[in-house]
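Reader: I would like to learn how to read the two sides of a helix. Please show me the general idea and then the case here.

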Amino acid sequence: MLKVYNTYIHIPFCEKKCNYCDFTSFKISEDSSKKYINYLLKEIELYKKKYDLGQIQDSIYFGGGTPSLLSVEDLKKILDKFYYDEKTEITIEVNPKTVDKNKLKAYKELGINRLSIGVQSFNEKFLQLLGRIHNSKEAIKVYEEAREVGFKNISLDLMFSLPNQSLKNLENDLEQLFKLKPEHFSIYSLIWEEGTTFYRDLLAGKLKETENELEAQMYELIIEKAKENEYEHYEISNFSKKNFKSRHNTIYWENKNYLGLGLAAAGYIGNRRYKNTENFLEYYKIIEKNKFPLAEEEILSPEEIKQYEYLLNFRILNKKIKPRFEDLEKFEKMVFEGYLQKVDNSYIMTKKGLMFFNDFISNFV
């Protein structure tokens with residue numbers, strides 16, 4: 001029986017869909033959330049029959065959607081299905097509008113020891129444009145309350161390259177971020193996903209994409225300011241203080257096994273990658289039959305596993321990667337073009353590779 005030490009749990013509920021978001025999420029109601037939790041618990045039991053979940057977990061991650069919409073009681077029901085201790089990294093994604101000091105205190109008592117707070121921006125204009133339900137003051141207040149109840153591992157999520165965002169706007173966001181001194185922050189450039197409000201507004205000419213040169217300047221500013229404030233840039237979009245890298249997310253980038261639970265969740269165990277259905281009725285119906293609620297499943301060959309490792313490991317900065325013999329020529333070409341640097345018998349990403357990562361990685365897809 002394969003042992004699984006890391007678990008991702010998808011909570012697909014939101015108060016309101018953000019204008020840029022294409023994640024699987026739906027409006028929450030008490031009935032829908034109760035039913036979903038019941039079936040999620042059944043799904044966990046199915047996996048317990050197939051894999052060894054009786055080990056102390058290294059990481060448990062509640063993502064979404066907005067997991068902080070769940071009651072503390074429901075979170076407890078889920079966590080009670082796993083073995084964990086104070087060393088387990090247990091993260092919950094939090095929307096500032098959906099928690100207060102009492103709820104944060106209850107999280108702490110439950111064993112949750114890491115918060116990922118979805119701030120996105122400290123600028124009211126951009127929060128409204130993004131369709132966020134919180135304001136800047138609420139985000140700062142939640143952060144301060146989390147400190148007051150004893151959280152010592154907090155990550156803040158931000159975005160950049162927003163429509164009409166200037167370099168100065170970004171600089172102001174970063175200034176406020178570093179005033180708070182979180183242990184970790186993630187910052188992602190806006191992606192115009194099909195089917196979102198933003199994408200429709202882009203096609204209609206109501207919004208414009210940020211020019212490539214300005215986006216590159218923004219990314220360089222982020223890297224520079226993070227370094228000044230003693231954050232390690234350890235993955236393309238992630239920065240941390242010493243010893244505060246996200247253990248759970250690092251599992252993805254190092255191509256290690258994790259269990260994915262819930263609607264639309266993805267997982268990777270042994271040589272098997274899978275994704276759950278995004279349809280609620282299907283999810284419930286399949287679990288009723290005591291089957292895994294899969295939409296996709298891929299059994300990987302050793303070659304394909306190695307390919308995934310290349311693609312994912314390149315995201316980790318300063319990671320030394322040893323190519324397969326048949327890839328040597330490709331790696332040397334990337335050195336010649338300035339995307340990679342050779343170090344002994346391995347290769348690491350250069351600044352150019354980092355700045356033009358999508359162009360670079362397309363050589364390996």
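Reader: Which exposed residues does the face of H6 turned away from its buried side carry?

Author: This is a predicted model. An α-helix has 3.6 residues a turn, so residues three or four places apart point the same way. In this structure, the exposed residues on the face of H6 turned away from its buried side are Lys168 and Lys179.

Reader: Which residues of H6 are buried?

Author: Asn169, Leu170, Asp173, Leu174, Leu177, Phe178 and Leu180 are the buried residues of H6. They lie on the same side of H6, because they cover an arc of only 165° around the axis.

Reader: What do the buried residues of H6 pack against?

Author: Their partners include strands S6 (114-120), S7 (154-160) and S8 (184-189). The buried residues of H6 also pack against helices H4 (124-130), H5 (136-148) and H8 (212-228).

Reader: How many residues does H6 have, and what follows the helix?

Author: H6 covers residues 167-180, which is 14 residues. From first C-alpha to last, H6 reaches 20 Å, close to the 20 Å expected at 1.5 Å a residue. Lysine 181 follows H6 and has a positive phi, near 60°.

Reader: What is the setting of H6 in the chain as a whole?

Author: The chain has 14 helices and 16 strands. Of its 365 residues, 53% are buried. The radius of gyration is 21 Å, which agrees with the value near 21 Å for a compact globule with 365 residues. Among contacts between residues at least 6 apart in sequence, 69% join residues at least 24 apart.

Key: Residues numbered from 1 in each chain as written. Predicted model: local features only at pLDDT ≥ 70, side-chain atom pairs only at ≥ 80, totals over all residues. Heavy atoms only, no water. Helix = DSSP H or I, 4+ residues; strand = E, 2+ residues; numbered from the N terminus. Expected span 1.5 Å × (residues − 1). Buried < 20%, exposed > 50% of the residue type's maximum accessible area, 1.4 Å probe, protein only. Arc of directions from axis to C-beta. Contact = heavy atoms within 4.5 Å. Rg over C-alpha atoms; globule rule 2.2 N^0.38 Å.
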